[in-house]
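This report looks at two topics in turn: an enclosed space inside a protein, and the way two helices pack. Please keep the sequence and the structure in view while reading.

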Amino acid sequence: MKKTLVIEAHPHLHDGSRANLCRVEALRSHSNITVHSLYEVYPDWTIDTKDEQQLLLDHDRIVLQYPLYWYSVTPLLKKWFDDVLEYGWAYGSKGVQLQGKQFILAITAGGTLEDYQAGGSDWFSISEYTKPLQATIVRCRGTFLPSWITYDADQLTEKQLQIEAAAYVNYIQDQSLKAYKL
Ligand SMILES: Cc1cc2nc3c(=O)[nH]c(=O)nc-3n(C[C@H](O)[C@H](O)[C@H](O)COP(=O)(O)O)c2cc1C
């Protein structure tokens, strides 16, 4: 069983979030999954690079869980990338520490699947909006696995969110997941 780390990055997990909080509550009952909430660990945004790198080394599968904010990651998660993925550690000729690690984006979005297509109100797919993250992970020699996206998150009922969260927990533990290779 792969050791799974969920890096959770909602700015208001306990004062406003419904979808991400529901996911975190579903994850809690799984002792084989480490949940690491960036906004709770770093309220002053001073990220401990060495601690974060050690966490990454200790796990084989890394899930980045966040609400989509302006088609992008939340700001502390962006800072996490900037601080933690150091040259010579994560990338560069000697930066091989993330080689072979699996990454999953676990995004919640206000828009619907229909919105996220050409002709829809958000025009592009979320796969297109996450291209910088895909390139970053590939640059760091990681494996980018298909994302888990909860669309229309603000409109879902508590019951629907719970069903969605349970499916999410199953998905991120699925050992048969792999990146498609030609
Ligand atoms: C500052 C901000 C920016 C947002 N930008 C987007 C966006 O670009 N696309 C989208 O689909 N939803 C957007 N939303 C909606 C959130 O993604 C949505 O409310 C969230 O994923 C629901 O999860 P939660 O209940 O855990 O907060 C935005 C919300 C906020 C507060």
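## The cavity

In this predicted model, the largest cavity encloses about 40 Å³ of space, and the structure holds one cavity of 30 Å³ or more.

Which residues line the largest cavity? The lining is made up of Leu64, Trp80, Phe81, Leu85, Leu98, Phe103, Thr136 and Ile137. Sorted by class, this lining has seven nonpolar residues and one polar residue, with no charged residues. Helix H4, which covers 75–84, supplies at least two residues of the lining, and helix H6, which covers 131–139, likewise supplies at least two.

## How H1 and H7 are arranged

Two packed helices are described by the angle between their axes together with the distance between those axes. For helix H1 (residues 19–28) and helix H7 (residues 158–173), the angle is about 55° and the axes lie 9 Å apart.

An angle from 35 to under 65 degrees is neither roughly parallel nor roughly perpendicular, and H1 and H7 are therefore oblique to each other. The crossing that H1 makes with H7 is right-handed.

## Where the two helices meet

On the side of H1, the residues in contact are Ala19, Cys22, Arg23, Ala26 and Leu27, while H7 meets them with Leu161, Gln162, Ala165, Tyr168, Val169 and Ile172. Taken by class, the contact of H1 with H7 has nine nonpolar residues, along with one polar and one charged residue.

Key:
Residues numbered from 1 in each chain as written. Predicted model: local features only at pLDDT ≥ 70, side-chain atom pairs only at ≥ 80, totals over all residues. Heavy atoms only, no water. 1 Å grid on protein atoms, 1.4 Å probe; cavity = no way out; pocket = protein on both sides within 12 Å on 5 of 7 lines; lining within 4 Å. Points joined across faces, edges and corners; volume = space filled by probe spheres on them. Helix = DSSP H or I, 4+ residues; strand = E, 2+ residues; numbered from the N terminus. Nonpolar A, V, L, I, M, F, W, Y, C, P; charged D, E, K, R; others polar. Axes fitted to C-alpha atoms, helices over the stretch in contact; angles between N-to-C directions. Parallel < 35°, antiparallel > 145°, perpendicular 65-115°, else oblique. Left-handed = near helix turned anticlockwise from the far one by under 90°. Contact = heavy atoms within 4.5 Å.
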